[in-house]
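Me: Please pick one helix in this structure and go through it closely. I would like its packing first, then how it relates to the rest of the chain, including the cysteines.

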Amino acid sequence: MFNVFGDILHRAYVTQHKIISIDNAVAKLHYRLTFWLLLACTCLVCSRQYIGEHIRCIHDKGVAPHVVNTFCFFTSTYTVINDYNVSFAHPGVAPHTDKEKIIRHAYYQWVPFVLFGQALLFYLPHLIWKSYEGGTIRNMVDGLQRIYLRSPDDQDRQISRAYVYSVKTTQKIAADLHKQFQTISRFRLNRYWALMLVFCECLYLFNVMMQLKAMDRFLGGSFISLGRRLWAAEPGDNPFEQVFPKVTKCDFHKYGPSGSIQVHDVMCVMALNIVNEKIYAILWFWFAALVPITLLGLLWRLISFVLHNKSERFNHYLLKETTGTKLNPVDVAIITRQARFSDWLLLYYLGSNMDSLLFTELLHNLATDLEEHRQSPDFEDEKKPLKAA
């Protein structure tokens, strides 16, 4: 067990520490933590050595045990719903007629496939965003900190990030990066970059809401109310009993010696449901926390969209916390008044991934460029509406 889950935790831990970050913490909760949680649940369901046989059935003489076990597992079992509150040997296991309502249970066949599919769906929005982003932030930052960071005395010798370079070198590096940023901004490539980022953040919320609905339908309409029933359960009550019964019934048909059909009433112990109920209880509470966290993440994105060009204090605080260095208030004021949201968002992610001194120079160069552009005659021409031909 430690080997199986240790490898999963190791991979989750390794992927958690990346040099370049292209999304926020809410997205990481989806495509990292939730993704690996669902994969761990899939491994646990598929591991027979930890829980034994998934199903064990009591059978009559003349019927091979493995045949009955296999038949009842791959077809379906059922419980009698009218007998859950009646004193019988096991809840839901009692004599019944065709008129009585029964609940058929076949979901346990599909649990590992559904959990694995859910894990892939939680990773899909990040895969879309990563494919579209195409390493834009990484290329810009790497181009700065792994190519341009050279000693002033030896242009062919690369240095580490800990190298204390001169002011002149810093300004040259920031100017080079500013040219890259200006090229992207001029062609408005970052506008679609920002739109796709926001779209994928909305896709995270859509995915988790659709998965809640899908799991509720998968479990026969019992998943949404699972947490409420757990909270309201009295001591000694088991709210999982109808959803994940431990003992079920199964009808096995075979031909007798004379050719007539014999019906064998089989009672089956569902060991797998001990694991299933724990898994879906954990998933319910995790999803109940993930939905409001995702909503708060979208609310924060909306707040940043509204305040990025209205509040200098907001930009100064956010960019200062991101870079960990003191910023020029004049540069922040110019960025607040003139930068588009797509430029601001790209600038924010650059600041969270690059050296603080270089980002300060980049911010100053960008602010100077915006101010010069605002005072140029071309800026007044851009503000005029285009006349119809």
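Reply: A crossing of two helices is called right-handed if the near helix is turned clockwise from the far one by less than a right angle, and left-handed if it is turned anticlockwise. By that convention, helix α10 passes helix α13 in a right-handed crossing. The model is predicted, and what follows should be read as a description of that model.

The helix chosen is α10, which covers residues 272-307. Its partner α13 covers residues 341-351. The two pack at an angle of about 120°, and their axes are 10 Å apart. On the α10 side, the residues that meet α13 are Arg 301, Ser 304 and Phe 305. On the α13 side they are Phe 341, Trp 344, Leu 345 and Tyr 349. Sorted by class, this contact holds five nonpolar residues, one polar residue and one charged residue.

Helix α13 has few residues open to solvent. Ten of its eleven residues are buried, so α13 is largely enclosed by the rest of the structure. The buried set includes each of the four that meet α10, namely Phe 341, Trp 344, Leu 345 and Tyr 349. Also in the buried set are Ser 342, Asp 343, Leu 346, Leu 347, Leu 350 and Gly 351.

Elsewhere along α10 sits Thr 294. With a relative accessibility of 2%, Thr 294 is under the 20% limit and therefore counts as buried. Apart from residues up to four places away in sequence, Thr 294 touches Val 26, His 30, Tyr 204 and Leu 205.

The other side of the picture is the nonpolar interior. The largest nonpolar core has 44 residues, and the members that touch the most others are Leu 115 and Tyr 280. Elements that supply two or more residues to this core include α2 (25-46), α5 (111-133), α8 (189-218) and α10. Strands β1, β4 and β5 also do so, as does helix α4. The largest share, eleven residues, comes from α10. Once neighbours within four places in sequence are set aside, Tyr 280 is in contact with Val 111, Leu 115, Met 215, Phe 218, Leu 219, Phe 223, Leu 226 and Phe 244. The two best-connected members, Leu 115 and Tyr 280, are thus in contact with each other. A second core, separate from this one, has 34 residues, among them Ile 137, Leu 327, Ile 334 and Leu 366.

The cysteines come next. Two disulfides turn up in a search of the whole structure. One joins Cys 57 to Cys 268, with the sulfurs 2.1 Å apart. Its S-S torsion is about 100°, so this disulfide is right-handed. Cys 57 lies in strand β1 (residues 55-58) and Cys 268 in strand β5 (residues 261-270), so the bond ties together parts that are 211 residues apart in sequence. Both of these cysteines are buried.

The other disulfide is between Cys 72 and Cys 250, whose sulfur atoms are 2.3 Å apart. This link is left-handed, with -95° about the S-S bond. Cys 72 belongs to helix α4 (residues 65-74) and Cys 250 to strand β4 (residues 247-255), a separation of 178 residues. Cys 72 and Cys 250 are buried as well. Counting bonded cysteines along the chain, the connectivity is 1-4, 2-3.

Some cysteines stay unpaired. The closest cysteine sulfur to that of Cys 43 is in Cys 46, 7.1 Å away, which is too far for a bond. Cys 43 is partly exposed, at 29% relative accessible area. Cys 200 is likewise in no disulfide, and the nearest cysteine sulfur, that of Cys 202, lies 9.3 Å away. Cys 200 is buried, with a relative accessible area of 2%. The C-alpha atom of Cys 200 is 9.4 Å from that of Leu 124, although the two are 76 residues apart along the chain. Leu 124 is in helix α5 and counts as partly exposed, at 38% relative accessibility.

For context, the chain has 15 helices and five strands. Of its 389 residues, 44% count as buried. Among contacts between residues at least 6 apart in sequence, 74% join residues at least 24 apart.

Technical notes: Residues are numbered from 1 along each chain as its sequence is written. This is a predicted model: local features need pLDDT of at least 70, side-chain atom pairs count only at pLDDT 80 or more; totals for chains, interfaces and linings use all residues. Side-chain values use heavy atoms; hydrogens and water are left out. A disulfide is a pair of cysteine sulfur atoms within 2.5 Å. Buried means under 20% relative accessible area, exposed over 50%, partly exposed in between (1.4 Å probe, protein chains only). Axes are lines fitted to C-alpha atoms, for helices over the stretch in contact, and angles run from 0 to 180 degrees between N-to-C directions. Contact means heavy atoms within 4.5 Å. Ala, Val, Leu, Ile, Met, Phe, Trp, Tyr, Cys and Pro count as nonpolar, Asp, Glu, Lys and Arg as charged, and the others, Gly among them, as polar. A nonpolar core is a set of buried Ala, Val, Leu, Ile, Met, Phe, Trp, Tyr and Cys residues joined through side-chain atoms within 4.5 Å.
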